[in-house]
Amino acid sequence: MPTAVMTDSERSAVQAYLRLLHTVRAVLDMPPGPDRPVVVPEGVLAEAERALAAAGLVGNEREFFTLLHGACSRRG
């Protein structure tokens, strides 16, 4: 069960995931064509994976998404 206050590593994991999500959304919003990237940039995906691992959240999606929901709810 997550704590009421996120640790630095949990916060970093949430922020990295949101950057990944925004990158994917930006790519999908681009019109189809030869300039549209086929995949998410490797660095963005690697950052999210490292952050999840550092927070001990790899393989624990339920806990991670609970943290994510809490973080997004606080943003308003």
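Ring pairs join Y17, F64 and F65 into a cluster, in a model that is predicted. Three aromatic pairs turn up when the whole structure is searched, and two of them, Y17 with F65 and F64 with F65, are set out below. The briefing then turns to L20, a residue of helix α1, and to the packing of α1 against helix α2.

**Aromatic cluster**

- A pair of aromatic rings is described by two quantities, the distance of the centres and the angle of the planes.
- For Y17 and F65 the ring centres are 5.8 Å apart and the planes stand at 90°, and because an angle over 60 degrees counts as edge-to-face, the pair is placed in that class.
- This pair connects distant parts of the chain, since Y17 belongs to helix α1 (residues 8-29) and F65 to helix α3 (residues 61-75), with their positions 48 residues apart in the numbering.
- The rings of F64 and F65 have centres 5.3 Å apart and planes at 70°, so this pair, too, is edge-to-face.
- The members of the cluster can also be described by accessibility: Y17 is partly exposed, at a relative accessible area of 22%, and F65 is likewise partly exposed, at 41%, whereas F64 is buried, at 4%.

**Surroundings of L20**

- L20, which lies in helix α1, has a relative accessible area of 14% and therefore counts as buried, given that the limit for this class is under 20%.
- When neighbours within four places in sequence are left aside, the residues in contact with L20 are V40, V44, L45 and A48.
- The C-alpha atoms of L20 and S73 are separated by 19 Å, the two residues being 53 residues apart along the chain.

**Packing of α1 and α2**

- Two packed helices are described by the angle between their axes together with the distance between the axes.
- Helix α1 and helix α2 (residues 42-54) pack at an angle of about 155°, and their axes are 8 Å apart; because angles over 145 degrees count as roughly antiparallel, α1 is roughly antiparallel to α2.
- The crossing in which α1 passes α2 is left-handed.
- On the α1 side the contact is made by S9, S12, A13, A16, R19, L20 and T23, which meet V44, L45, E47, A48, A51, L52 and A54 of α2.
- Sorted by class, the residues in this contact of α1 with α2 comprise nine nonpolar, three polar and two charged.
- L20 thus appears in both topics, as a residue of the α1 side of this contact and as a buried residue in contact with V44, L45 and A48, among others.

Note on methods:
Residues numbered from 1 in each chain as written. Predicted model: local features only at pLDDT ≥ 70, side-chain atom pairs only at ≥ 80, totals over all residues. Heavy atoms only, no water. Phe/Tyr/Trp six-rings, centres within 6.5 Å; stacked < 30°, edge-to-face > 60°. Helix = DSSP H or I, 4+ residues; strand = E, 2+ residues; numbered from the N terminus. Buried < 20%, exposed > 50% of the residue type's maximum accessible area, 1.4 Å probe, protein only. Contact = heavy atoms within 4.5 Å. Axes fitted to C-alpha atoms, helices over the stretch in contact; angles between N-to-C directions. Parallel < 35°, antiparallel > 145°, perpendicular 65-115°, else oblique. Left-handed = near helix turned anticlockwise from the far one by under 90°. Nonpolar A, V, L, I, M, F, W, Y, C, P; charged D, E, K, R; others polar.
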